Amino acid sequence: MDQRGQFVAGLIDASRRALAAGAAARLADEGGGVAVQDWGFQRLVSDLQARLHALAEALASGRPELLELDLSWLAAGLCGRGLELDTPRAALNVLVDELREGLPDGAGDLAADCLAQGLPALRVVDCVEPVALDGSGPHDDLLRRFVLALLEARREDAERLILDALDQGVSVAEIHGQVLTTTQRELGRMWVAGEVNVAEEHYASRVVEGILTLLRHRAPSAPASGRTVLLASVEGNLHDLGGQIIADQLELAGYRTVFLGSSVPTPDLVEALGHFGADVLGLSAGLGLHVRATAKLVKSARAAHPDLPILVGGGPFNLVPGLWRTVGADGWAQDAPGAVDEVRRLLG
């Protein structure tokens, strides 16, 4: 992590709402009043606070790519919903000036320059094509029917599709990786594009969660290794299905897993390491907004258990090369099979 960047990030955290409100008011005063009114002042302030959060993560880690990823995600979401980018782009340009003037000398320049350099990422993009339903995968027919059952709230049909696939010889690992994980990716894409709402995504996730439970009762496991892997989503990360799939695949490989779920407070997680006798710690960060939380947890775990191997994964680590080293981890995995391989490596 970047020491100076962490200091500036702390200043931004302490004044995030004031900076966002100042930028929105400045935009209105500088001739953007109609745009602010159309967008909604409070909505604009809320959006700017989210961008400031991403900026703070980028500064603290010394990885400006995190801000660029956040702005790219924002652009994809707005374009997918048919919304214009002019108002948020104008507001962010004004925010550059607000940072330069509102933070102490040096700190303001560092923050403003980072934001200004990231702004080209906020550009019009085509709607992202479906990542999962193009027919190239070995189980795409099953995948299509499964996603449709979820979208139509046909839980029993979705479960039957998976259980029938098992009976026809599809392995649990294949279902994890090529059906359930890909389904979650596709639902995430659909949400960004405005094709499903939060309620629909939550329903589908709960059905997938139930199917994972069914699969655990049907899956053959390797002989027990006698080693324990403790996994959790870092504080602030509300997503846990990816972590559960990794835990299930580690169990198939013979490891005892303790999966704590989403947004686990750092002190409680560190205490759990000793309580459950963990041999490896696996952490999941869903967004770039969780990088500092990950680094904090790694540091706390190291202080209590200096020799404990730590593995990280999730969206920002998949997209920013070497970010796992930045947060102080010992390894990184892109998916569940990769996590199993990495745990084997870390344990020798």
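Student: Let's start with the second largest pocket. What volume does it have?
Tutor: Keep in mind that this is a predicted model. The pocket you mean ranks second in size, and its volume comes out at about 170 Å³.

Student: Which helix gives the most to the lining of that second largest pocket?
Tutor: Look at who sits around the second largest pocket: M1, Q6, A60, R292, A295, K296, V298, K299 and V327. Now check that list against a helix running over residues 291-304, which supplies five residues to the lining. The top contributor is therefore helix α13.

Student: OK, and cavities? How many of 30 Å³ or more does the structure hold, and how much space lies in the largest?
Tutor: With the cut-off at 30 Å³, the structure holds one cavity. The space inside the largest cavity is about 40 Å³.

Student: Which elements give two or more residues to the lining of the largest cavity, and which of them gives the most?
Tutor: The residues around the largest cavity are L44, D47, L48, R51, L74, P88 and L92. Two or more of these come from each of α3 (41-61) and α5 (86-102). With four residues in the lining, the biggest giver is α3.

Student: L44 is in that cavity lining. What separation do its C-alpha atom and that of G288 have?
Tutor: First place G288: you'll find it in the loop between β3 (280-284) and α13. Along the chain, G288 and L44 are 244 residues apart. In space, their C-alpha atoms are separated by 21 Å.

Student: Is G288 buried, partly exposed or exposed?
Tutor: Buried would need under 20% relative accessible area, and exposed would need over 50%. G288 has a relative accessible area of 24%, so it counts as partly exposed.

Student: Over to the surface. Which residues make the nonpolar patch of about 270 Å², and why can W191 be part of it?
Tutor: Take W191, which is found in helix α9 (residues 172-192). A patch residue needs over 30% relative accessible area. W191 is partly exposed at 31%, so it passes that cut-off. The residues making the patch are W73, W191 and V198.

Student: Last one: which residues does the UniProt "domain: B12-binding" annotation cover, and how far apart are the end C-alpha atoms of that span?
Tutor: The annotation comes from an unreviewed UniProt entry and covers residues 226-348. That span is 46% helix and 18% strand. Its end C-alpha atoms lie apart by 14 Å.

How values were computed:
Residues are numbered from 1 along each chain as its sequence is written. This is a predicted model: local features need pLDDT of at least 70, side-chain atom pairs count only at pLDDT 80 or more; totals for chains, interfaces and linings use all residues. Side-chain values use heavy atoms; hydrogens and water are left out. Patches are made of residues with over 30% relative accessible area and no salt bridge: like charges are joined within 9 Å, nonpolar side chains (Val, Leu, Ile, Met, Phe, Trp, Tyr) within 5 Å. Accessible areas come from the Shrake-Rupley method with a 1.4 Å probe; for residues, only the protein chains shown count as cover. A salt bridge is a side-chain nitrogen of Lys or Arg within 4 Å of a carboxyl oxygen of Asp or Glu. Buried means under 20% relative accessible area, exposed over 50%, partly exposed in between (1.4 Å probe, protein chains only). UniProt positions are given in the numbering used here, feature names are shortened, and annotations may be inferred rather than shown by experiment. On a 1 Å grid over the protein atoms alone, a cavity is a set of points where a 1.4 Å probe fits but cannot get out, and a pocket is an open set with protein on both sides within 12 Å along at least five of seven lines; lining residues have an atom within 4 Å of a point. Grid points are joined across faces, edges and corners, and a volume is the space filled by probe spheres set on the points.
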